[in-house]
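Welcome! Please take a moment with the sequence and the 3D view below, and then we can walk through a few computed features together.

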Amino acid sequence: MAASAVRMFWLFAMLCHGLGAAAWWRLAPGGFATGHPRFWTNRVMPPLVLAALWAAWWAARRGRRSDLRTVLAGFPAAWAAGTVAVVAVFPATFGRLFLVPLGVVAVLAVGVVLAFRGESGLSRRALAVGAVWGALLGAAMPIGFRPPPPRTRPLNRGAVSSVEGLATVLGALGERVFVSPGDGSAMIRVDRLRITVQPLLRFLARSPDGAPTVFTPTTVREGPGLRLVAAASVPDGLDLRYRADYDASLCVRRDGDATRIDATAVLPATIWSHLNGFCDVDVSGHRRLALAFSPCPDARIEVRPMDYPFGRPLRFAFLDASGRFRVVEATSGEKGPFRELASGPLRRGEPLTIELCDEDRPVTRIVLDDWSAQADVQPSPTAGWGAPANAIEFSLSGDEPTSAATIYVSLASTSVGRGWDCLGHRAGTYRNRVRVEPAR
């Protein structure tokens, strides 16, 4: 009875490990170079686990008890080494959570002892070999999931507004521009389009040490939000200042038919996040919206709805490490591989212009003066397939072509792809100058 229970335990444990490894191999993003850690965690580690399971099955069928113990001993060793490694890599997040994998270690270790209790002639060397292979494999996984060093490029130019005092200000800047001081958004009417720009650097899903945010408590993950601490009216505009665990400011001014927005954020330390926003744009009032980007101005990319996590594909753009600006479409949802729709050169520091076209007619232009200079171009750990950390995602909120559209601009985030991994924004001063002007 006891032997049967032990066999059932190991069948269940092997099934869980097998399903987990197969699912990860199938679902994890690919397209990484062999020198990238995610190539090993996503494409090499799962087959190694499956090979170990096959070896255990083969040894059990052939009655090779010493070989079976070699394989089974590797599983508690892998979990033990993985526990030590994950605490070392992510001490703030797993300083308490380590008790969970430690419990798995204890259960698996007891399972090994019970499976071979009372048997003689089993080699201690075989046990040591199993423990070593398991420990190496287990320790490699958390190390492979360690986020890369932050590679955003803060300009360290510009300064947070020095305005003091929370004066009562009017949000209306003429008939076509309205600023909401509370959240720092600016609503601009151009022709029949209603464009809302949120230009403040915000962090929506944080991690204290770069660990995947699924393991982060809600209070830590959400972090402190920006709150308005000072406001003043200036000629043709507003000057606003905000504070969270970093300082930010926003100045919005009318300049003839154009609206100029100047946002600044000063990070005193690196902030790790899964989701964040450098500049968010909402568009409504259109009949059929398309975007044209300045690096590839002849290509008009229709804005379409997308599904999550699977279904209709997301369309997004990015700047890669070679200086190529690419507009691509995902395979399903926001998952790769990605099909290129248009591309063109974009030098570091060169403004990026996004032209909004309604029913194939150019209506307005949104110019991002500082995005390309500060974007992180290293590979995204969640997107894979050549997509970098920066992204400009755009989609409709509903099925109809008249549905509101959203454009999410980030310097370094992991919203595209699969997973809750984090990337860092380096300490320094980030600047976001935006112009919204009629199309020429």
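## Overall picture

What percentage of the 440 residues of the protein count as buried? The answer is 51%. Please keep in mind as you read on that this is a predicted model.

The protein contains 8 helices and 21 strands. Its C-alpha trace spans about 90 × 45 × 35 Å along the principal axes. If we take the contacts with a separation of 6 or more, 66% of them are between residues 24 or more positions apart.

## The second largest pocket

Let us turn to a pocket. The second largest one has a volume of about 530 Å³. It is lined by 21 residues, and those closest to its centre are Arg7, Trp10, Ala60, Arg65 and Leu68. Four elements give two or more residues each to this lining: α1 (2-27), α2 (37-62), α3 (65-89) and α5 (99-115).

Which helix provides the largest share of the lining of this pocket? That is α1, with 7 residues. As for chemical character, the lining of the second largest pocket divides into 16 nonpolar, 1 polar and 4 charged residues.

## How α3 meets α6

Helix α3, which helps to line the pocket, also crosses helix α6 (residues 124-144). Two packed helices are described by the angle between their axes and the distance between the axes. For α3 and α6, the axes come within 5 Å and cross at roughly 35 degrees.

The crossing of these two helices is right-handed. In the contact of α3 with α6, the residues divide into 18 nonpolar, 7 polar and 2 charged.

## A look at Ser395

Now for a single residue in a strand. Ser395 is found in β18, which covers residues 391-396. Why does Ser395 count as buried? Its relative accessibility is 11%, and buried means under 20%, so Ser395 falls in that class.

Ser395 also has a partner far along the chain: Pro305 is 90 residues away in sequence, while the C-alpha atoms of the two are separated by 5.1 Å. Which residues is Ser395 in contact with, leaving aside its neighbours within four places in sequence? They are Val303, Arg304, Met306, Leu314, Ala404, Ala405 and Thr406.

Terms used
Residues are numbered from 1 along each chain as its sequence is written. This is a predicted model: local features need pLDDT of at least 70, side-chain atom pairs count only at pLDDT 80 or more; totals for chains, interfaces and linings use all residues. Side-chain values use heavy atoms; hydrogens and water are left out. On a 1 Å grid over the protein atoms alone, a cavity is a set of points where a 1.4 Å probe fits but cannot get out, and a pocket is an open set with protein on both sides within 12 Å along at least five of seven lines; lining residues have an atom within 4 Å of a point. Grid points are joined across faces, edges and corners, and a volume is the space filled by probe spheres set on the points. Ala, Val, Leu, Ile, Met, Phe, Trp, Tyr, Cys and Pro count as nonpolar, Asp, Glu, Lys and Arg as charged, and the others, Gly among them, as polar. Axes are lines fitted to C-alpha atoms, for helices over the stretch in contact, and angles run from 0 to 180 degrees between N-to-C directions. A crossing is left-handed if the near helix is turned anticlockwise from the far one by less than a right angle, and right-handed if clockwise. Buried means under 20% relative accessible area, exposed over 50%, partly exposed in between (1.4 Å probe, protein chains only). Contact means heavy atoms within 4.5 Å.
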